[in-house]
Structure formats: structure tokens, C-alpha cells
Amino acid sequence: MTHLIGFAPRLLAFSALLLSQTAFSQESPAFIDPASWNTPFNGIAQVACHNCYEKQYANTFSSVLDSVRTLELDFWDQRDAVSGGSPHHWFVRHNPGTLFQSGNDNNCTGDGTGKNDLEACLNDVKNWSDKHPGHFPITLILDKKQGWSKESSGRTPKDFDELVARVFQGKLFTPQDLATHIGSGAGALQGNLKGKSWPTANDLQGKVLLVLNHSENQKLSQYAEARTSKAKVFISPVTNGQNDISGKVSGMSSQSSGYVAMNNMGKGDKSWAKQAFAYSHIGRVWGDDEVSFAQHINQKINLSAYYRFAAQSAGGYRIRPF
């Protein structure tokens, strides 16, 4: 019987390993090309949703993840054009708003009660992630519709990071994580990414990447300067020139430009997507709905934002390597 001593603990350890591997095995929905998993994240093209938090584009926000892995939220500091907000709280809707509304007009959990704020929408994504371990990495575009409020408001870049960190906990893949991966400082991503690869989708399975957009690059600069290497969110400036990819970004300081690893382009500026791709950045194009996903792949666009996202595919896939 002595040869059985220690067998039970080893058996338990082996069983635990199998369970762990099973729990975090890759998901395999039909819209993801299996080859994507072993491809660096910057070498993957994806159909992305545009304004899919709006009820006209999806019944619920989390249901969008049945079709794509890149979502979008527009968020505001103020309840409407007249009344203000509250500390550590943001509203989710498309338009500035009118009086006597909840401040939220979206398809996130809590819809119709006024409680479907930014935190509720983030929790929808987090809860879906919890239920689908091993999922393809989720990219969540956060389009800030107003500037940063003063410190006493409780809606500063630090407050914003504290919210997303509290919701997602260890699920986030941050700019500092990317910097560590390529052997760089977070403030030198923009220049040091060229010629290097992001982690593969397999490396990032179960992770969430948050991306901050704003129509004014200055607001992204304020976030980057306030948070530096502690930032939980990638910044993605409006891009319409070479410097927005490889130098001092228009509207941003030299310091904050170094944190840029993603670029946001309207359809009129999508020609810069190839440059973003050449610098190993993640490029997103929106407003180009009349152009197919297959054409966007040829134009080296990583994230192709469509209103009717479920209708798009290339070779039968919405996520595939270039």
C-alpha cells in the first residue's frame, strides 16, 4: 500500500488542472475565425458595433456579444442640458438630453428605471464575461461626450479609473500591461510599438480592453497626464495626420502622446488606418457603413464600426486575421 501514499493528492491536483483548463478553454462561436486565437491582437480585423447601447440596434446591451466582441458606450457627466450630475456617476445615452428624463436612454440592465447608468452597462459586460470564461478578448469603446469635471465633482480621470477597476477587477488589460509585454514604459507606447506585436488573442482570453474616445484630443491628454502608467484605459485620439500616429498628437501634449496605442478615424480619414497598422496600433473606423467588412480588411482597419453589425462578415467571419 505504500506505493499509494501521495497518489490521492496528485490525483486531486491533476483533476484541478483539468478543470482549470476546461474552465478557461477557448470559446468557439461561428463568427470567430479559429486562426484568430494565435494571432497578435494588432493583426486581427473585427466587426465592431456602433452605438449598440441604443435600443434600435439591440434588445439588450449584453446580447451584442452574441455577434461581436467590440462594443461602444457614449457617456455624459450631466443628466441633461440643464441639470448636473452626481459624484462617481455617469449617464449613458446618445444625445445631450431633455429635462425631466432619467439621464439614461439605453438598453443596459435597469432600462426604464433610470438606473441603467454607466456602471450598470459596465456590469452587463462584466457579468457576461463571468459567464463565458475563456472568451475572445472584449474591446469596449467608451466615447466621452463631455470634458472632465473638477475634482470636487467626483468625476475626474482618477474617479473614472476607480469605477472601471472596481467593476472589472482583474479582467482588464491595461496600457501598462501592453508596455510590459513589449518591454517599454507606458509613456513610450506610441513610438516603441512599431515592429512589435501585441499579445495574441489566446493570451488575452477572458480579458477586457477599455478604450477612451473623445471628439477633442485635449480631453484624452488630460486623462493620460492625470493617470500616466496607472491608467486603466487606452486613449484613442481623433486621427487625421501622421503625427497622430507617430508624433505629437494634434491637441495633445508630447507627454500624453506617448501613451497612444490606438487611433480613431471617421470614414473621411480612414486612409490613415494603414499607417496605424504599420505602427502596430489598433485602428478603428466609424461612419463607413456603406463599405463592406471585406473592403475594410484590405484597408488594414482593425475595428470596423457598423450600426448593422450583425449583417457584416468576410469569409463567414466577423473576427479574423488580416
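This is a short tour of one predicted model, stop by stop.

Before you click, note that residues count from 1 along each chain as its sequence is written, and that side-chain values use heavy atoms, with hydrogens and water left out. Because the model is predicted, local features need pLDDT of at least 70 and side-chain atom pairs count only at pLDDT 80 or more, while totals for chains, interfaces and linings use all residues.

**Stop 1: a strand in the middle**

Select residues 44-49, which is strand 1. Strands here are DSSP runs of E with at least two residues, and helices are runs of H or I with at least four, each numbered from the N terminus. Six of the six residues in strand 1 are buried, so the rest of the structure largely encloses this strand. Buried means under 20% relative accessible area, with a 1.4 Å probe and protein chains only. Look at one side for Ile 44, Gln 46 and Ala 48, then at the other for Ala 45, Val 47 and Cys 49.

**Stop 2: its neighbours**

Now add residues 303-306, strand 9, which pairs with strand 1 in the parallel sense over four bridges. Two strands pair if DSSP finds at least two bridges between them. Ala 48 sits opposite Ala 305, and Gln 46 has Leu 303 as its bridge partner in strand 9. Next add residues 319-321: this is strand 10, antiparallel to strand 1 and joined to it by three bridges. Gln 46 faces Ile 319 there.

Zoom out and you'll find an open sheet of five strands, ordered 7-8-9-1-10, with mixed pairing. Strand 7 (262-266) and strand 10 are at the edges with a single partner strand each, so each has one side without a neighbour in the sheet.

**Stop 3: two crossing helices**

Select residues 157-168 (helix 3) and 217-227 (helix 6), whose axes come within 9 Å and cross at roughly 75°. Axes are lines fitted to C-alpha atoms, for helices over the stretch in contact, and angles run from 0 to 180 degrees between N-to-C directions. That makes the two helices roughly perpendicular, a label for angles of 65 to 115 degrees. Show Pro 157, Lys 158, Phe 160 and Asp 161 from helix 3, which meet Gln 222, Tyr 223, Ala 226 and Arg 227 from helix 6; contact means heavy atoms within 4.5 Å.

**Stop 4: into the core**

Keep Phe 160 on screen and add Leu 73, Leu 118, Leu 122, Leu 140 and Trp 198: of the 76 residues in the largest nonpolar core, these six touch the most other members. Such a core is a set of buried Ala, Val, Leu, Ile, Met, Phe, Trp, Tyr and Cys residues joined through side-chain atoms within 4.5 Å. Finish on Leu 73, whose contacts include Tyr 53, Phe 61 and Val 92.

Technical notes. Angles under 35 degrees count as roughly parallel, over 145 as roughly antiparallel, 65 to 115 as roughly perpendicular and the rest as oblique. Buried means under 20% relative accessible area, exposed over 50%, partly exposed in between (1.4 Å probe, protein chains only). Lists of a residue's contacts leave out its neighbours within four places in sequence.
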